[in-house]
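Here are a few notes to read alongside the structure. Take them one at a time, and keep the view open so you can find each residue as it comes up.

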Amino acid sequence: MKKTLLTLVLCCIWVGLGAQKIIKVKGEATYHAPTNVTLEEARQTVLERAIVQALADAFGTTVSQVNTSLTDNRNGKSNIDFSSIGATEVKGEWLETIGEPEYSEPRYAENMLIISCRVEGRAREITTEAFDLKCRILRNGTEDKFEGGEFRSGDDLYLSFLSPVGGYLAVYLVDAERQAFCLLPYQRQQSGIYPIEANRRYVFFHEKSAPAEERSVVDEYTMTCERSSEQNLVFIVFSPKQFAKAADTSMDSGLPRQLSFADFNQWLVRHRRKDPQMNVRRIPITISK
């Protein structure tokens with residue numbers, strides 16, 4: 001009986017210590033958007049900056065690092081890479097958003113759109129160095145030189161991926177209607193997992209780039225857009241530990257399996273809490289007619 005009681009006490013202490021690693025954080029930011037950025041893109045940018053600010057305040061990163069982003073101007077359009085900010089600039093990891101972000105009414109001054117955002121969520125400190133994953137969204141080509149986040153309706157989407165360690169990979173796309181589509185594993189793969197070999201470059205969603213034994217199950221994706229422009233997010237989830245994709249359903253024969261963003265987020269948070277080595281990259285893409 002004493003041994004059982006001691007084990008129970010030790011388990012309670014371990015759970016309590018583990019729970020302390022996840023804390024509530026709040027952040028806010030203001031974004032002065034150039035004229036070629038849409039309101040939807042501005043809201044996405046200011047939300048990302050508010051999240052980074054929350055992590056910086058909680059885990060000690062300086063504000064000067066928070067405002068760093070990668071901007072690529074092509075044909076007069078600005079393509080901003082948000083994905084690198086959280087992974088490399090702060091010492092914390094965002095797990096989930098609590099409630100809905102609060103946005104200010106957009107206003108204009110000196111030919112710029114100005115918008116603010118407040119956000120609350122749960123986060124934890126990054127205590128181990130993230131894997132040096134090479135994740136690139138490719139448009140209309142399978143070489144890394146075709147990397148880009150701005151798509152026109154009818155463009156093909158591919159993903160280049162390279163990891164220094166072996167593990168498992170899942171890829172999701174969240175659209176403007178807050179639906180999460182499972183892009184990888186492919187629809188006809190039954191295991192629910194996709195194993196990754198170390199130091200091997202993969203090109204996904206391109207049949208000819210896949211191993212011969214896998215080509216019959218490869219799904220290829222052509223981007224479409226019902227609005228004039230919409231913002232999507234690609235989630236790349238990798239871990240050296242085995243995990244299975246979220247439970248989803250096939251709603252349309254022409255679309256990947258899907259689930260609501262709320263259900264996808266719950267699945268992701270649950271796995272990230274159990275697996276501190278799980279890496280999540282969020283890459284925004286814009287699709288225009």
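1. Let us start with one word. A residue is called buried when its relative accessible area is under 20%. Tyr 194 has a relative accessibility of 4%, so Tyr 194 counts as buried. Please bear in mind throughout that this is a predicted model.

2. Which ring does Tyr 194 pair with? Its partner is Phe 204, and the two rings meet edge-to-face, with 5.2 Å from centre to centre and 85° between the planes. Tyr 194 belongs to the loop between E12 and strand E13 (195–196), while Phe 204 belongs to strand E14, so the pair ties together parts that are 10 residues apart in sequence. Phe 204 has a relative accessible area of 2%, so this residue is buried too.

3. Phe 204 also has a ring pair with Tyr 202. Here the centres are 5.4 Å apart and the planes lie at 5°, so this pair is stacked. Tyr 202 and Phe 204 are both buried. Try turning the view until you can see the two arrangements around Phe 204: edge-to-face with Tyr 194, stacked with Tyr 202.

4. What else does Phe 204 touch, once residues up to four places away in sequence are set aside? The list is Tyr 158, Leu 159, Phe 161, Leu 169, Leu 184, Tyr 186, Tyr 194 and Ile 196.

5. Now zoom out to the cores. The largest nonpolar core has 35 residues, and Phe 161, Leu 169, Phe 204 and Phe 205 have the most contacts inside it. Several strands supply at least two residues each, among them E8 (134–139), E11 (167–174), E16 and E18. The largest share, 4 residues, comes from E10. Another core, of 19 residues, lies apart from this one and includes Val 25, Ala 50, Leu 55 and Leu 113. As a general rule, nonpolar side chains in soluble globular proteins tend to be buried together.

6. Strand E18 (residues 279–288) deserves a look of its own. Of its 10 residues, 9 are buried. Strand E16 (residues 229–239) pairs with E18 in the antiparallel sense over 10 bridges, and Val 237 has Val 280 as its bridge partner in E18. Strand E9 (residues 150–152) runs parallel to E18 and is joined to it by 3 bridges; there, Glu 150 is partnered by Thr 286.

7. Two helices are good for practising with a ruler. Helix H5 (residues 261–274) has 14 residues, so at 1.5 Å a residue it should span 20 Å, and its end C-alpha atoms are indeed 20 Å apart. Its buried residues include Phe 264, Trp 267 and Leu 268. Phe 264 and Trp 267 also belong to a cluster linked by ring pairs, together with Tyr 172, Phe 235, Phe 243 and Phe 261. Helix H2 (residues 39–59) reaches 30 Å from its first C-alpha to its last, close to the 30 Å expected, and 16 of its 21 residues are buried.

8. Finish with Ala 42, which sits in helix H2. Its relative accessibility is 0%, so Ala 42 counts as buried. Beyond its neighbours within four places in sequence, Ala 42 is in contact with Tyr 31, Ala 33, Val 37, Leu 113 and Ile 115. Ala 42 and Ile 115 are 73 residues apart along the chain, yet their C-alpha atoms are separated by 7.4 Å. As a last stop, look for Arg 43, whose charged end sits over the ring of Tyr 103, 3.9 Å from the ring centre.

Notes
Residues are numbered from 1 along each chain as its sequence is written. This is a predicted model: local features need pLDDT of at least 70, side-chain atom pairs count only at pLDDT 80 or more; totals for chains, interfaces and linings use all residues. Side-chain values use heavy atoms; hydrogens and water are left out. Buried means under 20% relative accessible area, exposed over 50%, partly exposed in between (1.4 Å probe, protein chains only). Two strands pair if DSSP finds at least two bridges between them. The expected span of a helix is 1.5 Å times one less than its number of residues. A nonpolar core is a set of buried Ala, Val, Leu, Ile, Met, Phe, Trp, Tyr and Cys residues joined through side-chain atoms within 4.5 Å. Contact means heavy atoms within 4.5 Å. Rings of Phe, Tyr and Trp (its six-membered ring) pair if their centres lie within 6.5 Å; planes under 30 degrees apart count as stacked, over 60 as edge-to-face and the rest as tilted. A charge sits over a ring if NZ of Lys or CZ of Arg is within 6 Å of the ring centre and within 35 degrees of the ring normal.
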